[in-house]
Structure formats: C-alpha cells, structure tokens
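The following exercises are to be worked with the sequence and the coordinates at hand. Each task is followed by a solution in steps.

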2 protein chains.
Amino acid sequence: MLSIGIPVVSSYTFADEIDSIVRAFDLASADADVVLATGGLGPTDDDLTRQALAEFLGVELKVQNELLEKIEKFFTDRNVQMPVKNKIQACIPAGAKALVNNRGTAPGIMAEVKGRAPTKRGPKLLFALPGVPAEMKRMFEESVLPELERFAGGQAVVVRKVKCFGAGESTIAGLLGQLMQRGRNPQINSTPKRGVITLHIIATAENRDKAEQMAAKGEKLLRGKLGELVYGTAEQSLAEVVGEKLARQKKTVAVAESCTGGCLAKLLTDIPGASRYFTHGWVTYSNDAKRSELGVPADLIEKHGAVSEQIAQAMARGARKKAGTDFAIGITGIAGPSGGTEQKPVGLVYISVDDDRGCDTRRCLFPQDRQSIRLRAAQTALNMLRLKLNI
Amino acid sequence: MLSIGIPVVSSYTFADEIDSIVRAFDLASADADVVLATGGLGPTDDDLTRQALAEFLGVELKVQNELLEKIEKFFTDRNVQMPVKNKIQACIPAGAKALVNNRGTAPGIMAEVKGRAPTKRGPKLLFALPGVPAEMKRMFEESVLPELERFAGGQAVVVRKVKCFGAGESTIAGLLGQLMQRGRNPQINSTPKRGVITLHIIATAENRDKAEQMAAKGEKLLRGKLGELVYGTAEQSLAEVVGEKLARQKKTVAVAESCTGGCLAKLLTDIPGASRYFTHGWVTYSNDAKRSELGVPADLIEKHGAVSEQIAQAMARGARKKAGTDFAIGITGIAGPSGGTEQKPVGLVYISVDDDRGCDTRRCLFPQDRQSIRLRAAQTALNMLRLKLNI
C-alpha cells in the first residue's frame, strides 16, 4: 500500500456480528480515505460483511442476476446443485460494484461512501474481499490495486522480486549503493529470511507499460551490481533453481550429511520431479557410518576429527564414488547446542562439493541456534552447487 | 482470555503516534472492560505508549525511584552506564502501578480508568506490556493473568496440554464423549496441526491449587479414554518423545527413506543429542540406490513395484542389517504431485518398522499435497516406532 502512496493508518479485528462490523466501517472510514475489509462473504450464517456494509451505507442488498448465474454455473460445472444459502453471495448493496472472484464463489464488493466528507480525490472507497487468502490476494491484485492506483492519482505500480544468497543485507546494500536510496524510482527494498535476501524493485509510472519498463531496467542495473549473488526471482527457492539447472544440464547429485541430518536431502526432494537428478543420500551421523557407508578412513577421523575439512572432502568423494553421480556434497559440523570447543565452536560447518574437476571445500561459522545452523548449512551447500553449475 | 471468562471484543493496530495511541485507548475502553496494549515501552523516541497512556488518563508521568534503581542496576550488572534515554522507562502515569519485567528493562503498567462508567466488577483496567514477545508473555502470565482472574471474579485458571497422534479430531472427540461437552469444567478443546491433535484441559476454580487438582483429574480421565493415542504433553514433538524412549532404553535406530527424502532423518536429528540413538540414514531415491545400498533385490522391485509392502520391508530389514541398530524404518510411497496411478495413487505410502521381533508394515493413504504427505508419512513412522517402544 505504501508503495502506491497510500499509507496504512490503522487496522481493526472485530467479532462476526453485524453491529461490530458496521461500527468498524464507521471507525475506519472516519480515519481513512480507503477501507479494505476481508472475510465474511461466505454463504453461512456467520458471514455478515455484506449485510453490515449495506447497513453502513444505508441501502438495501439487491440480487444481481449476472452474479447469480455465475455462482449457479460454478456448482453445475461441478455437477452439484447450488445450495440455497449460496444465493446471498449474489447480493450486493444497491449502488455498489461487484468484484470478480476467479478462485471461488464469493464476489468482492466496491462501494463509494457518499454523504461523508469526500477526499480531494473524490468520495472515500470501501472494499470487501473474501477471507480465503488465495482468493483475497488475487482479487486485490486484479481488481483493487487498479482502483487504488486510479484513486492515488492514476499511477501504475509494478513490483519485481529478485532473490539473492551468499551475502548479508548490509553487503548487498553496499554493492547497490545509490540504487537503494530513499525516494528513488524504482525504489528498492530488501528483506532477509534464513540467509536469503529478497529485493523488491518497486516502479511507479503514469501507466503500466512504463512502470514495467522501469522495473525491468531497475532489475538489469541491480543484477549488474550483484552478479552471481542473484539466484532467482519471485518465489523461487535455492533448491528449485539448483534442481532446474541440474535437470537442464542432465547432471545428477548425491549428498552425504552429518550435522544437517537429512535437511539437505529434504530441501532437494521438496521439489517435485527431484528424482531426475537426485538419486542417493546418506545421513552418516556416527563415525562408524561415515567409515562403512562412505569409506571415510578411520585414521583420518582420528587425526583431524569428524568435523574437519578432510572429513567433509572424504564424505563428498565417497558419496560420488558410490552413487556414480556427477556431483556429490559432504557436510560435517557442530549444530549444538552442546559439543562445541574453543577450536571447534557450535556453528562450525565444513561443506565440500566434489565433481570431476575436483573438490571445493568451505569452512563456515553460522550464528544462532541448532535449527538455523542446520538450515543455513544446507542452503550454503546448495548455493555452492549452484555456482559450480554456472561455470 | 476466553478461558477465564473474558471474551475478546476487538483488536486494533495503530501508528506510533501519541494521538493515534490515545485514540486507541479511548476506542478500546469504550468497548471493553479490560484493555491490553503491547509495545511502545522502549527507550527510543518512537516509544510513546507511556506518554499516550498518561495523556489518556489525564495525569502526569512520574519517575518512580525504585524502578530507576532497578533499571540502573540492569546496566551496571552488565558493566555499562545507563543511557540517558532509558530514564523514561522508570516513569509511570501518576496513580498507575508498575509491572515487573523479569526479562528486560521496560516495566509494564497497570492503570484503572477512573471517571468512566465502571463495570460491575469495579473500574475498567488498562495494561501496557512490552512488545518483545518473550518479555510480554512472561509479564502476561506472571502479572496480568492474576489480576484478570481477580477481575473475573477471583477465579484461578489452569491449562494443561496433552498431545495425541494416530487418530483424527473427530475420532478423539468420539472417544472423549461427554468430557468434551461445552460448559463442563474442566473444559476440553482440541486443535489439529499436521496430524498432531493437541487437547487443552482448562480447569477453573476458586484458587490455583483446586484448579491444578481438577486439571490433573481431567488429564487422568482423558488419558484413560485415549490410551496410546496420547504421546506427550505441553510442547513435546513426536521425535522428542521417541528420542527420549530410545535413549532411556539404550536402543538405536536407522532409517531408509524413499518418498520422504530425508524428512524422517531430519525430524530425528532436529532433537539435540540425537547421536545417542540415531546413527545411519539412507535416502534411496532411485531403485538402483535401494539395491546397492540396502540390498533390496532388483527382481523384488520388478515384481511388486518400488512402492509396495515388500519393498518397504526390504528397505527396513536392509537398513537394520547394515547399520546394526535395534530398530530400522523403511518408507516408500508416492508424494506427487505426479506419478500416481489408479492402483497406486498419490499419497500411498508403505511404512515398515523392523526389529528382532519382526517387521511391521502399514499401508497409508495420506491426503493433500506433497509436503503434507511427506511430513505425515515421517510422523506416522515415528509413531509406529513409539508404539513398539511401549511394549
């Protein structure tokens, strides 16, 4: 909302009762020029937003035949007779406008608040959207955002997401420099989550085409500055991007995990179709398992300790040999909370990626708790494999 | 809140501005007998709840010397001089009461709203709590809940949680019968999450001891009806309970996973100290891996298909033999979204648990999506192992 120049002033949560909802519309529209309500548009007795909105506007609910036909069709398409209760979903307060729902039966509603102090942009606007998140989000993007853009002065806003891994938020901000300055257009914001930095490129222009062009240009500039730190766009995960690269290059991978205990195999197999490139995984949690399953020499463990560069390498090499894959990853470390020493603290993890060009190993020291350390280690391993697949 | 007989009527989110916060207190206390505010008690310029509360109450903020000494001690204990800005945290609206913060510097505030229509229980109550979740929750439990219990009529409320796995919510409700009837004391509510059913036993009595006794009696009755469906209490996970049993009985386990792709090994190794009982895991995603790593005969796969009772058993037996553990688990199935057939649909999973008494296998058909199917399969495997450890 902020991105189209409409700040959020307040939010309310109310009980499913007509009086409460009417009062919420009353309070909200006293404060704000635009009010968005979600939920309460279903067909059951506790769905009261429609009725409350009509009462607040001082008008009647009216059946719209076009809506009724559409809802009936939704059911006949599924060989079901429309339950009588669903008829209410075809009712809209007189004078209001129905908003298309492409994912369910409940249409949204847009109404102008007449008889109240209008804003300099025209009468205040009320929107009622379904509560089901998928329906609500789609309706917001398709029907509400264009109306708000018009309300905010006919501006179009385009948001692109770019995903990065391998550097922290401040390093990325440093590389982007002036591009992230406040007040620029496109504006660039960053949000970190579990080592992944998501950059939002928000372009505002007088029309959608122009905004698209500006966002595309912004993305190009950004990619130029960040290079291989960028791994994907929109909602892509590292595992998804690595999986696509492996499948496209017809390469395979095996993993040998100690401290991550299956996290890396899980991330890889979260992706549908992972069997195209993932064949074997070992969770060699004990030293004995590292020896018997991956052929890691017992004296090597004795000499360097199970958490060492040498063992990560031996695990990766052993896994690649046994699985016969193009790549193999070995991970060994201390996930804690106990088991750390001064030389080898909690969070220390060695990660090796082996292929026929050799074995690359990274020594990492991850902060925080057991779950974060394990996840960060598995993600870092995926990122090392991604960079190898880029060459 | 509902559990002590105080229903929630509404919630508000407001901007960090004095006027907005004053108005929020105004609106909320018009609606409700008790108002809880969180956040805005820190030492920085955008922390304004304290000031807004004083303005709303029509009184001055006053430094409380006892609080000031405590805050100064918090810093001197850490060998740091108290920043000047923190002095504001020792200020409380005149006539209000400070609430102890055992986890940070910001005391909470409790005030009575005088000069407004009092409730039949006395004047309306306002609470301001810190926004940091750990500080807020502890203060709520230690300082606010007893006040609310008094406000609600001097009643004490004790809540116990019991966790179940192996049956759905409606089956459990059927087994509990009258125990779950509305209006009973203790009251029992259930919430499902990823196959785990959590039962809340809420006992209300005139004092805490009595409520504790009633909750304990309720738990005993409930356990009598549910038997082995109950696996733990409070926040315990299945993996934690299984891990404790394995450690206590000095038993070990290995896992061989296909469709779960490491989820089961991950759940087991999420628990600190898992190396006491977990040694080996295999993710045999390809048929070749099942053959070479676990000794599953190729002609058995040919005959029954990789997703079959026979292969789950062969995986479990092969894993136990290779790892030399007391137990081994084999999982094979179709996590989807593609790969299903009429005979073997998406969601079909075979799970075997092998020990020296034999190999038990379950055929499961899990609903929903890839992630749910994988997690439910891994949890079901843990539950089968739990039941074996009970014998």
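**Exercise 1.** Determine which residues Ile329(A) touches, leaving out those up to four places away in sequence.

*Solution.* The model is a predicted one. Contact requires C-beta atoms, placed from the backbone, to lie within 7 Å. Under this criterion Ile329(A) touches Val253(A), Val255(A), Ala256(A), Leu264(A), Ala316(A), Ser352(A), Val353(A), Ala381(A) and Leu385(A).

Next, place this residue in its core. Ile329(A) and Ile329(B) have the most contacts inside the largest nonpolar core, which has 147 residues. Another core, of 63 residues, lies apart from it and includes Ala37(A), Ala96(A), Ala54(B) and Cys91(B).

**Exercise 2.** Describe the contact between chain A and chain B, beginning with how many residues each chain supplies.

*Solution.* Step 1: chain A supplies 34 residues and chain B supplies 33. Step 2: on the side of chain B, at least two residues each come from strand E1 (10-14), helix H8 (263-269), strand E13 (278-284), helix H9 (287-294) and helix H12 (370-390). The most, 7 residues, come from E13(B). Step 3: sorted by class, this side of chain B comprises 14 nonpolar, 14 polar and 5 charged residues. Step 4: strand E13 of chain A runs antiparallel to E13(B), and 5 bridges join the two. Within this pairing, His280(A) has Thr284(B) as its bridge partner.

**Exercise 3.** Establish which rotation and shift superpose chain B on chain A.

*Solution.* The superposition takes a rotation of 180° and a shift of 0.4 Å along its axis, with an RMSD of 0.5 Å. The two copies are therefore related as by a two-fold rotation axis. The same surface serves both copies, since 100% of the contact residues of chain B recur in chain A.

Definitions and conventions
Residues numbered from 1 in each chain as written. Chains lettered and ligands numbered in written order. Predicted model: local features only at pLDDT ≥ 70, side-chain atom pairs only at ≥ 80, totals over all residues. Contact = placed C-beta atoms within 7 Å. Helix = DSSP H or I, 4+ residues; strand = E, 2+ residues; numbered from the N terminus. Nonpolar A, V, L, I, M, F, W, Y, C, P; charged D, E, K, R; others polar. Pairing = 2+ DSSP bridges. Least-squares fit on C-alpha atoms with pLDDT ≥ 70 in both. Core = buried A, V, L, I, M, F, W, Y, C linked by C-beta atoms within 7 Å. Buried ≥ 20, exposed ≤ 12 C-beta atoms within 10 Å, placed from the backbone.
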